[in-house]
Amino acid sequence: MIPEPGRALTDLAMRLLFNVAPQAANTFAAADAGLVGQLIMTLGQEFERAVSTRMQDIDEMKALLGDAPGTVDRRAFLAQQPASLHLRDVNVVHDAGMRLISAWHAEVEITDDQANRRIWTFLRNHSERHRFD
């Protein structure tokens, strides 16, 4: 059997929310159980999509930065790939891209309306991909 950690976390959260929280001795304990249940559900959702959403971000950042005036850091990022698909390795590349986008945005926010709009489109797409249900 292949384990499904995202599903397991969701199942644990549901048990906590619907079995444990209603039986809590006081309202603080019930609220605490509810909060922990919601956080576990969020963790399950993030577990299932973390690498995929970050890789989508990286692809979009590379497309965006590929049209930007070249700097050594930007050109290096365009050639960079995660060392593996482990989340920590993907996060290294994702973080580098976000830093470059942020720095480029500071450069063009007032001087280049088209680039500014393209960056804001990326940021909106990024926030939608990372939104929790």
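Is H94 buried or exposed? With a relative accessibility of 10%, H94 counts as buried, since buried here means under 20%. The views below start from the whole chain of this predicted model and then move in on a few residues.

**View 1. The whole chain is built from helices.** Five helices and zero strands make up the elements of the chain, and their order from the N terminus is α-α-α-α-α. The radius of gyration is 20 Å, well over the 14 Å that the globule rule gives for 133 residues, so the chain is more spread out than a compact globule. Its C-alpha trace spans about 60 × 40 × 15 Å along the principal axes. Of the contacts between residues at least 6 apart in sequence, 62% join residues at least 24 apart.

**View 2. Here is the surface of the chain, with its charges.** About 8700 Å² is exposed, and carbon and sulfur atoms supply 59% of that area. Turning to burial, 32% of the 133 residues count as buried. The side chains include 14 positive and 18 negative ones, and the centres of these two sets lie 1 Å apart.

**View 3. H94 sits in helix α4.** This helix covers residues 87-108. Look around the buried H94 and you will find R54, D57, I58, M61, H126 and H130 in contact with it, leaving aside neighbours within four places in sequence. One of these partners, I58, returns in the next view as a residue of the largest nonpolar core.

**View 4. The largest nonpolar core has 16 residues.** I58, L65, F77, I101 and W104 are the residues with the most contacts inside this core. Helices α2 (27-66), α4 and α5 (113-129) are the elements that give two or more residues to it. Helix α4 gives the most, with six residues.

**View 5. F77 meets several partners from elsewhere in the sequence.** Beyond its neighbours within four places, F77 is in contact with I58, M61, K62 and L65. The list for F77 also includes V93, A96, G97 and L100. Both I58 and L65 are, like F77, among the core residues with the most contacts.

**View 6. R74 is a buried arginine in helix α3.** Helix α3 runs over residues 72-79. At 4% relative accessibility, R74 falls under the 20% cut-off and therefore counts as buried. Not counting residues up to four places away in sequence, R74 touches L65, A68, P69, L100, W104 and E107. Two names in that list, L65 and W104, are also familiar from the core in View 4.

Terms used: Residues are numbered from 1 along each chain as its sequence is written. This is a predicted model: local features need pLDDT of at least 70, side-chain atom pairs count only at pLDDT 80 or more; totals for chains, interfaces and linings use all residues. Side-chain values use heavy atoms; hydrogens and water are left out. Helices (H or I, at least four residues) and strands (E, at least two) are DSSP runs, numbered from the N terminus. The radius of gyration is taken over C-alpha atoms; the globule rule is 2.2 Å times the number of residues to the power 0.38. Buried means under 20% relative accessible area, exposed over 50%, partly exposed in between (1.4 Å probe, protein chains only). Contact means heavy atoms within 4.5 Å. Accessible areas come from the Shrake-Rupley method with a 1.4 Å probe; for residues, only the protein chains shown count as cover. Lys and Arg count as positive and Asp and Glu as negative; His and the chain ends are not counted. The place of a charge is taken as NZ of Lys, CZ of Arg, CG of Asp or CD of Glu. A nonpolar core is a set of buried Ala, Val, Leu, Ile, Met, Phe, Trp, Tyr and Cys residues joined through side-chain atoms within 4.5 Å.
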